[in-house]
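Work through the exercises below with the sequence and the coordinates at hand. Each task is followed by a solution in steps.

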Amino acid sequence: MATSVLVTKLFIPATRPELVPRPRLISRLNSGLHRKLTLVSAPAGFGKTTLVTEWLQQLQATANTGEAIPNVNQTAWFSLDEEDNDPTRFITYLVAALNRSVDNEAPFGKGVLEMLQSSQPTVSQTILTTLINEIAVIDSKVILVLDDYHLIDAEPIHGALAFLLENLPPQMHLVIATREDPPLSLSRLRARDHLTELRAADLRFSSSEAAVFLNQAMGLNLTPEEIAALEVRTEGWIAGLQLAALSLQGRTDKTRLIESFTGSNRLVLDYLIEEVLNQQPEEIQQFLLQTAVLDRLTGSLCDALTGRDNGQETLQLLESANLFIIPLDAERRWYRYHHLLADLLRQRLRQTQHGERQRLHRQASAWYVQNSLVDQAIEHALQAQEYARVTQLLKDHVDELWRRGGHAKLRRFLAALPEEWIFAEPTICIFHAWYLFAGGHQEAAEQVLQAAEQTLTQLKSERPLPASQQQKLLGRVAAIRAFMASFRGDMSEIIAQARRALDHLPKNDLTWRSSAAITLGDAHGFQGDMTAAYEARFAAAQACQASGDNYFFMIANLKLAITLRAQGKLHPTIEMCQQQLALANEKGWSQSPVVGWCLAVWSEVLAELNDLDKALQQAQTATELVEAGIDLAIRGWTYHCLIRVLFSRQELAEAEALIHKMIEADRDLDVPPWIMHQMEMWQVRLWLAQNNLTAASQWAAAHEPISKNSSQLTVDFFTLNKQVSLARVKLAQGRLAETATLLQQIAPLAEASGRVTAVIEILLLQALTAQAAGNLPQAMVPLEKACAIAEPNGFVRIFIDQGQPMRSLLLEALKYDFAPNYMQHLLAALSSNEPLAVQPVFSPVNQAEFIEPLSERECEVLQCISSGLSNREIANQLYLSLNTVKVHTRNIYSKLDVHSRIQAVSKAKDLGFLPPA
């Protein structure tokens, strides 16, 4: 498939010799060059393109004589059409336009183009940043013209243009010619004196300009009164004047015709077009109608539609007759009709010759195929409803369209193709299923995959496919099903389908094989088997490296980095991220979303090492990069890392805002459930940090362990994380025995799965639980074990983030003389910049000395009483009935020999049941 840029879109249109000089407007354009933007905004036919073209040619002429405006010697032109709403196409042409104008030794925009080829990009700040940086090193000033910008309605492109204007280097001046104002902050640009505007009132011909145009350019010899009347009728509208002049040529009743020009511009236009067309020879009228289906015209293409051999001659004749045809290159080989003329011609063709219209599209499609312009061939075949041709073209070229990132166009083609044709061709069926799945329609995607398999079975008996082709298609079906299973959380199905895909896919189908291999590693990660996950991801990385697939090599290695992090290997994780960042910089991907993901993984490890400032900087940069992309999994993981950094910095409101941002996204988009699981776990942690025990307790009540039997607990990603969160809530509730039991159940599961980071966290929670129960010697056992694992790997924040209870525990650990340097390091980090002051540690009283000790539940009630909770609040927090709370309170009074809440709290502090005030 041809991938080259259509250079005629980048040519500055030629001016006509009969051009009406407009020095007052040229002067305004020149005086606005010190500003960022010149906006030429007016309805159709006001001479916007002609004016800007004349201005650029005058600048070039003065440059040749040495009289140019200082440093202005580069001009770039980009003629937009509706297909340029594809972000990838827009950026590609933008770079091509600048590359043609900038006189650099090395190709301009190379980094941007490499980024476009490396992923599925959008018009984003990340890509534009690279473009802006390249513009900033140009020696001279560049004027970039975006002509017919009103044809752009894609929000990502509008956003990119706003970012470009906000950060525009002084080397560039942007000109936008459009029928309607672009959705930019024009008021702010005006306030900052960054905007020069030319509008309809400015562009209208004055009386003197109208006289020059009508009498000198068009040769009408009208009287001043007739000129004035026509100017009033058309309100100086240049296209209207030109249409009027064409209809007046050769007429003797000019005054009556001028007087009949009334109504809105559209009505005048309809009338004049009818007059012009009716006065053309029959052969010219037929040529105009037969070529109306074309966006761009050249001689041989016109011949293919008309059946004649005079296409180029006719185009030149139309140009000389001023019949609304615009040359697109200096050689006069490519043209286009004025947009309004084209619209009216097409409308008339639909009304009068509908069947002929389909034939013309069919002929245009055939010509584009012969000239290796397959995208345009498919467009015309769709218009002709030649679905067999569309199906064959897609079948032959879909892989190339996929590889070069034409996803928006491919989705549009598939949406226009009736389902019976999609289902008839398994190759197309598979891509259709992918887009359904990616759009969150898994059931529909599965139905399409089943249809593809059924079609393959039928083809096997009717018109057999080569065995290699059939195996490749079956492998792609399996790869999509592996992705679908990962979204459902069906881990055994992920593994089965990924392995099936790898068994069927040929060695040279690199993109699909890499995806399947990486998904296989994800499945092991979800299952909690870090060893298997590492092996699968390592194998995928090796395969990508051997094939030279650098992009998926980076993806696989970042998955390896995540695995290393789970295994507690902090410094190897950073080393892996550093290597991938170097690779990305080498390949020109430094501003891509995948680099954002890399920085996010890196930032989370920096936070664990307690380098919070650098961690925040990297995580914020990462978020900017991934939010410019479309991958929700990468975005969700990056949010997870940033939340972790914010939590350690005690910026809890900001962390919670990110959680809600992801929840909002999940309402409209198919966010992977494991991302939402992470958000849920962080929400519980935030509730506890915010002392919102009510919300945390409500969550815990809905997620109590299904079984109290540790043999029935699983080690998968979801279950282990949930059990750790449950343990945290139970600890906060004071349900110490239940907490200890739960932690004892899940500790060996985490250890067996190789999730070292989770093992450290569980050990620390066990130590805090024993501490809360007043058993400090018992607390030292898991703490010592945690330190033995954590110290060699450099863990810090996993201790500090446990809060003040961990400080007390670490201070007590100093007495036991294990890892003393590590203890001091952690305590120093905990104290931040405050001087380390050893505070008295609360030790609960030994109740064995009492005849009737307080029960565990009575101790919990006593703690709630000391916090000032009412009986009903205690009942809600401890999930007890109001009567049960009253019974526990009476028992406390009796055992402490007191008669009120105040007395109970006071005596409990004296006896050591509660810490002193």
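**Exercise 1.** In which helix does His 158 lie, and is His 158 buried or exposed?

Solution. Step 1: in this predicted model, His 158 belongs to helix H6, which covers residues 155-166. Step 2: the relative accessible area of His 158 is 7%. Buried means under 20%, so His 158 is buried. Step 3: leaving out residues up to four places away in sequence, His 158 touches Tyr 149, Ile 152, Asp 153, Pro 183 and Leu 184.

**Exercise 2.** Place Ser 41 in its strand and find the polar contact of its side chain with Asp 181.

Solution. Step 1: strand S1 spans residues 37-41 and contains Ser 41. Step 2: with a relative accessible area of 5%, which is under the 20% limit, Ser 41 is therefore buried. Step 3: residues up to four places away are again set aside; Ser 41 then touches Lys 48, Thr 178, Arg 179, Glu 180, Asp 181, Leu 198, Arg 199 and Ala 200. Step 4: for Asp 181, a polar contact joins the two side chains at 2.8 Å.

**Exercise 3.** Determine the surroundings of Leu 394.

Solution. Step 1: Leu 394 is part of helix H20, residues 387-403. Step 2: its relative accessibility is 1%, so Leu 394 counts as buried. Step 3: apart from neighbours within four places in sequence, the residues in contact with Leu 394 are Ile 378, Leu 410, Phe 413, Leu 414, Leu 417 and Ile 428. Step 4: for Ile 422, which is 28 residues from Leu 394 along the chain, the separation of the two C-alpha atoms is 10.0 Å.

**Exercise 4.** Write down the strand order of the open sheet of 3 strands and identify its edge strands.

Solution. Step 1: the order is S6-S8-S7, and the pairing is antiparallel. Step 2: strand S6 (297-298) and strand S7 (325-327) each pair on one side only, and these are the edge strands. Step 3: between S7 and strand S8 (residues 334-337) there are 3 bridges in the antiparallel sense. Step 4: Ile 326 stands opposite Arg 336 in S8.

**Exercise 5.** Describe how helix H27 packs on helix H29.

Solution. Step 1: a packed helix pair is described by the angle between the axes and the distance between them. Step 2: for H27 (residues 510-527) and H29 (residues 550-566), the angle is about 5° and the axes are 10 Å apart. Step 3: angles under 35 degrees count as roughly parallel, so H27 is roughly parallel to H29. Step 4: H27 contributes Thr 511, Ser 514, Ser 515, Ile 518 and Asp 522, which meet Phe 552, Ile 555, Ala 556 and Lys 559 of H29. Step 5: sorted by type, the residues of this contact are 4 nonpolar, 3 polar and 2 charged.

**Exercise 6.** What is the sign of phi at Ser 372 and at Asp 897, and where are these residues found?

Solution. Step 1: most residues other than glycine have a negative phi. Step 2: phi of Ser 372 is positive, near 60°. Asp 897 also has a positive phi, about 60°. Step 3: Ser 372 is in the loop between helix H18 (354-370) and helix H19 (374-383). The loop that holds Asp 897 runs between helix H46 (882-896) and helix H47 (901-911). Step 4: exposed means over 50% relative accessible area. Ser 372, at 42%, counts as partly exposed, whereas Asp 897, at 58%, counts as exposed.

Notes:
Residues are numbered from 1 along each chain as its sequence is written. This is a predicted model: local features need pLDDT of at least 70, side-chain atom pairs count only at pLDDT 80 or more; totals for chains, interfaces and linings use all residues. Side-chain values use heavy atoms; hydrogens and water are left out. Helices (H or I, at least four residues) and strands (E, at least two) are DSSP runs, numbered from the N terminus. Buried means under 20% relative accessible area, exposed over 50%, partly exposed in between (1.4 Å probe, protein chains only). A polar contact is a pair of N or O atoms within 3.5 Å; within protein, one must be able to donate a hydrogen and the other to accept it, and residues adjacent in sequence count only if both atoms are side-chain atoms. Contact means heavy atoms within 4.5 Å. Two strands pair if DSSP finds at least two bridges between them. Axes are lines fitted to C-alpha atoms, for helices over the stretch in contact, and angles run from 0 to 180 degrees between N-to-C directions. Angles under 35 degrees count as roughly parallel, over 145 as roughly antiparallel, 65 to 115 as roughly perpendicular and the rest as oblique. Ala, Val, Leu, Ile, Met, Phe, Trp, Tyr, Cys and Pro count as nonpolar, Asp, Glu, Lys and Arg as charged, and the others, Gly among them, as polar.
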